[in-house]
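Me: I would like to go through this structure by question and answer. Please show the sequence and the model before we start.

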Amino acid sequence: MSERRINAALQEATDTRDVNIGAGALASVPDVFRENFGDGPIVVVADGNTFEVAGQRVHQELEDAGYTMVEPYVFPADPPLYAEYSNIEKLRDSLQEHDAIPVAVGSGTLNDIVKRSSHECDRPYMCVGTAASMDGYTAFGASIEKDGLKQTLSCPAPRAVVADLEVLQNAPENMTASGYADLLGKVTSGADWLVADALEVEKIDPTGWSLVQDHLRGWTDSPAELRAGDQQPTEDLVEGLIMSGLGMQSYESSRTASGAEHQFSHLWEMEGLGKDDRPRLSHGFKVGVGTVAIAALYELLLQRDLSDLDIGSLQDSWPSREEMEQSVREQHTDPDLEEGAVEQTLAKYVSAEELAERLELLQKVWPELREKVREQLLPAGEIKQMLKAAGCPTAPEEIGLGWDEFERTYRRAQTIRKRYTALDLAFETGLLEECVEELFAPGGFWGRVAASAQAEGGR
Ligand SMILES: [Zn+2]
């Protein structure tokens with residue numbers, strides 16, 4: 001089943017030609033390599049952990065198959081590898097000493113480093129995934145910290161990907177849980193795209209949509225079994241993550257897989273949340289908490305009748321461009337982040353007249369949009385339960401974030417990216433403040449979570 005879907009998806013991909021997922025798939029590496037790259041030479045790139053888990057074996061399999069092998073490039077296991085530009089420079093300088101094709105053996109960070117370093121050497125590369133921890137394997141671009149800012153540096157996705165289920169099943173539990181949260185986040189990111197589409201901000205691309213959304217429920221419906229290490233849910237998860245990456249590759253944007261829940265995660269990441277934790281707070285864990293947060297916001301928006309807005313008064317109170325810039329600056333203290341947020345917010349700024357036009361359109365499409373979004377979403381409480389069953393954090397204090405800071409994220413995350421999401425819908429309809437207040441009030445969604453956390457802490 002999964003092979004057929006992935007092969008169909010590969011028809012839409014621009015960089016990746018071959019994906020092989022299966023129990024024992026490591027043994028296929030020499031054949032997959034020959035089919036996609038020819039004869040080599042080859043250099044295995046890993047870190048201390050992934051070299052032990054699979055890198056050594058991949059190197060051996062390739063050597064036994066007769067390839068010329070360059071000495072493996074192995075990053076230290078400790079401190080954990082960080083996706084910062086200096087690591088790309090190190091690897092790139094080493095790659096320039098020979099002409100071997102890199103085979104990355106590892107997960108998110110390692111793959112991103114090899115992706116960009118290979119590109120800087122004008123070389124294609126292959127990836128052997130060691131954990132179902134995020135959807136970046138088959139995505140275009142690498143998420144790297146450069147000049148103090150987390151950014152997506154452009155570079156092609158791997159030409160071929162191999163994922164051995166036996167290796168993935170034995171990956172650390174929190175890595176699999178992280179991948180699950182990253183995938184479940186497509187529930188809210190899909191809702192955001194429905195909204196952007198209906199408001200004629202960004203049209204839905206049917207291919208990019210269906211690669212990520214068509215099987216999302218099936219890929220995510222067994223979180224407890226996944227946590228227990230069963231093979232089928234692991235296979236479903238990795239299929240979903242690979243398909244999600246191929247969706248981004250085909251649409252050439254992360255819109256297919258990333259909405260407001262990722263804006264929460266990106267903001268926290270840029271502010272260094274959990275960077276010094278051991279293990280480091282993962283991308284997926286931040287996305288998971290963001291997904292619950294956005295699903296809860298949607299619940300309140302969907303309760304309201306947005307075809308009954310007072311457009312005149314919303315238009316009158318709409319900030320000017322200068323006022324908007326001022327308010328963004330007030331919400332950020334880090335200078336790099338402040339400049340980035342101003343740029344992104346002004347890129348999506350509309351005038352009061354344009355706002356009124358958009359809100360008139362919203363009035364017209366709301367009944368149909370409301371139904372579509374309801375169908376796309378799951379209740380926030382259910383998402384929370386699913387994440388919990390998979391072993392993911394679901395509330396701010398579990399990721400080391402204070403409640404006040406978490407509450408402020410609803411307003412601040414809206415400013416850091418020009419992508420149109422639920423946060424913009426709430427902001428432009430004048431409902432963001434009141435919805436956030438409602439969520440954190442004593443009987444509100446987060447108010448109840450905070451109260452029960454306090455009761456548990458007091459026991
Ligand atoms: Zn993600």
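**Cavities, zinc site and salt bridges**

Me: How do the residues of the lining of the second largest cavity divide into nonpolar, polar and charged?
Reply: In this predicted model, the lining consists of Tyr-180, Gly-218, Trp-219, Thr-220, Asp-221, Ser-222, Leu-226, Pro-233, Asp-236 and Leu-237. Ala, Val, Leu, Ile, Met, Phe, Trp, Tyr, Cys and Pro count as nonpolar, Asp, Glu, Lys and Arg as charged, and the others, Gly among them, as polar. By class the residues are five nonpolar, three polar and two charged.

Me: Which residues count in these values, and at what pLDDT?
Reply: Residues are numbered from 1 along each chain as its sequence is written, and side-chain values use heavy atoms without hydrogens or water. The model is predicted, and while totals for chains, interfaces and linings use all residues, local features need pLDDT of at least 70 and side-chain atom pairs pLDDT 80 or more.

Me: Which element gives the most to the lining of the second largest cavity?
Reply: The second largest cavity holds about 50 Å³ of space. Two elements, α10 (216-219) and α12 (231-251), give two or more residues to its lining. Helices here are DSSP runs of H or I with at least four residues, strands runs of E with at least two, numbered from the N terminus. With three residues, the top contributor is α12.

Me: How many cavities of 30 Å³ or more does a search of the whole structure find?
Reply: A cavity is a set of points on a 1 Å grid over the protein atoms alone where a 1.4 Å probe fits but cannot get out, and lining residues have an atom within 4 Å of a point. About 80 Å³ of space lies in the largest cavity, and about 50 Å³ in the second largest. Searching the whole structure at 30 Å³ or more gives a count of two.

Me: Which helix supplies the largest share of the lining of the largest cavity?
Reply: Trp-318, Met-324, Thr-345, Lys-348, Tyr-349, Val-350, Gln-414, Asp-424, Phe-427 and Glu-428 line the largest cavity. Five of these residues are nonpolar, two polar and three charged. The largest share is three residues, and they come from helix α21 (residues 422-428).

Me: Which residues coordinate the zinc ion?
Reply: The donor residues follow the spacing D-x79-H-x20-H in sequence. Donors are N, O and S atoms within 2.8 Å of the metal. At 2.1 to 2.2 Å, the zinc ion is bound by Asp-182 (OD), His-262 (NE2) and His-283 (NE2).

Me: How many residues apart in sequence are the parts tied together by His-262 and His-283?
Reply: Both histidines coordinate the zinc ion. His-262 lies in helix α13 (residues 260-270) and His-283 in helix α14 (residues 283-303), so the pair ties together parts whose separation in sequence, in residues, is 21.

Me: Is His-283 buried or exposed, or partly exposed?
Reply: Buried means under 20% relative accessible area, exposed over 50%, partly exposed in between (1.4 Å probe, protein chains only). His-262, at 4%, counts as buried, and so does Asp-182 at 0%. His-283 has a relative accessible area of 25%, which means that it is partly exposed.

Me: With which residue does Asp-182 meet in a salt bridge?
Reply: A salt bridge is a side-chain nitrogen of Lys or Arg within 4 Å of a carboxyl oxygen of Asp or Glu. Asp-182, also a zinc ligand, has its partner at 3.6 Å, N to O. The partner is buried at 0% relative accessibility. That residue is Lys-186.

Me: How far apart are the closest N and O atoms in the salt bridge of Glu-239 with Arg-5?
Reply: Glu-239 lies in helix α12 and Arg-5 in helix α1 (residues 2-10), so the salt bridge ties together parts that are 234 residues apart in sequence. Glu-239 is buried, at 2% relative accessibility. The closest N and O atoms of the pair are separated by 2.7 Å.

Me: Which residue does Lys-286 meet in a salt bridge?
Reply: The bridge spans 3.1 Å, N to O, and links helix α14 to helix α13 across 17 residues. Lys-286 is buried at 3% relative accessible area, and its partner is buried at 17%. The partner is Glu-269.

Me: How many salt bridges does the count come to?
Reply: Arg-92, Asp-93, Arg-116 and Glu-120 are joined in a network of salt bridges. Counted by the rule, the number of salt bridges is 25.

Me: What is the distance in space, C-alpha to C-alpha, of Gly-136 and Gly-108?
Reply: Gly-136 sits in the loop between β5 and β6 (142-146). Gly-136 is buried, with a relative accessible area of 13%. In sequence Gly-136 and Gly-108 are 28 residues apart, whereas in space the C-alpha to C-alpha distance is 6.5 Å.

Definitions and conventions. Donors are N, O and S atoms within 2.8 Å of the metal (3.2 Å for Na, K and Ca); water is not among the atoms, so sites may look incomplete. On a 1 Å grid over the protein atoms alone, a cavity is a set of points where a 1.4 Å probe fits but cannot get out, and a pocket is an open set with protein on both sides within 12 Å along at least five of seven lines; lining residues have an atom within 4 Å of a point. Grid points are joined across faces, edges and corners, and a volume is the space filled by probe spheres set on the points.
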